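Here are a few short exercises to work through with the model open beside you. Try each task before you read its solution.

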Amino acid sequence: MKVWYTSYDYYANEYCGGAPVVDSTGFRKLLLEAQSLIDMYTFNRLKKMTEYGEEIQNCCCELVEIISDYQERKNENPSNISSEKIKNYSVTYESSENISQRYESNKKKVIFKWLANSGLLYRGY
């Protein structure tokens, strides 16, 4: 049985204050990806826990939003247009590599923002 680090109810009501960005239909899939990332950075330490504090739940929620935003942008803008000017027509493109690097960096920043002082990211014994 899969253990979830947070719930849609917590996300929608506590984290978002009743105005969720991600709808309930896709939440579980995004949460699964977020938890997998957290497990990687915490060396699976959360799997041994039975209760998850606000820091862990908020980390999951923010990661869900980042993953959702990245997927939406990828689907809406497959040509990677970063800006467009109309008069004297000008288009600026952003490389897929830059987009991926920023996405990976944002995920890492979120994990360190919420879990840096928890001891869960400690690499020693």
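A residue counts as buried under 20% relative accessible area, as exposed over 50%, and as partly exposed in between. Keep in mind that this model is predicted.

**Exercise 1.** Decide whether D9 is buried or exposed, and find the patch that D9 helps to form.

*Solution.* Start with the location: D9 sits in helix α1. Its relative accessible area is 52%, so D9 is exposed. D9 joins E14, E54 and E55 in a negative surface patch. Two or more of the patch residues come from each of α1 (8-15) and α3 (54-76). For contrast, turn to Y10, Y11 and A12 of α1, which are buried.

**Exercise 2.** Work out which parts the salt bridge between E62 and K113 ties together.

*Solution.* First check the distance, which is 2.8 Å from N to O. Next place the partners: E62 is in helix α3 and K113 in helix α4, so the bridge ties together parts 51 residues apart in sequence. Last, compare their surroundings: E62 is buried at 16% relative accessible area, while K113 is exposed at 52%.

**Exercise 3.** Find how far apart K107 and E104 are along their helix.

*Solution.* Both residues belong to helix α4 and are three residues apart, about one turn. Residues three or four places apart in an α-helix point the same way, because there are 3.6 residues a turn. The closest N and O atoms of this salt bridge are 3.2 Å apart. K107 is buried, at 7%, and E104 is partly exposed, at 43%.

Definitions and conventions. Residues numbered from 1 in each chain as written. Predicted model: local features only at pLDDT ≥ 70, side-chain atom pairs only at ≥ 80, totals over all residues. Heavy atoms only, no water. Patch = residues over 30% accessible without salt bridge, like charges linked within 9 Å, V, L, I, M, F, W, Y side chains within 5 Å. Areas by Shrake-Rupley, 256 points an atom, 1.4 Å probe, with all protein chains shown as cover. Salt bridge = Lys/Arg side-chain N within 4 Å of Asp/Glu carboxyl O. Lys, Arg positive; Asp, Glu negative; His and termini not counted. Charge placed at Lys NZ, Arg CZ, Asp CG, Glu CD. Helix = DSSP H or I, 4+ residues; strand = E, 2+ residues; numbered from the N terminus. Buried < 20%, exposed > 50% of the residue type's maximum accessible area, 1.4 Å probe, protein only.
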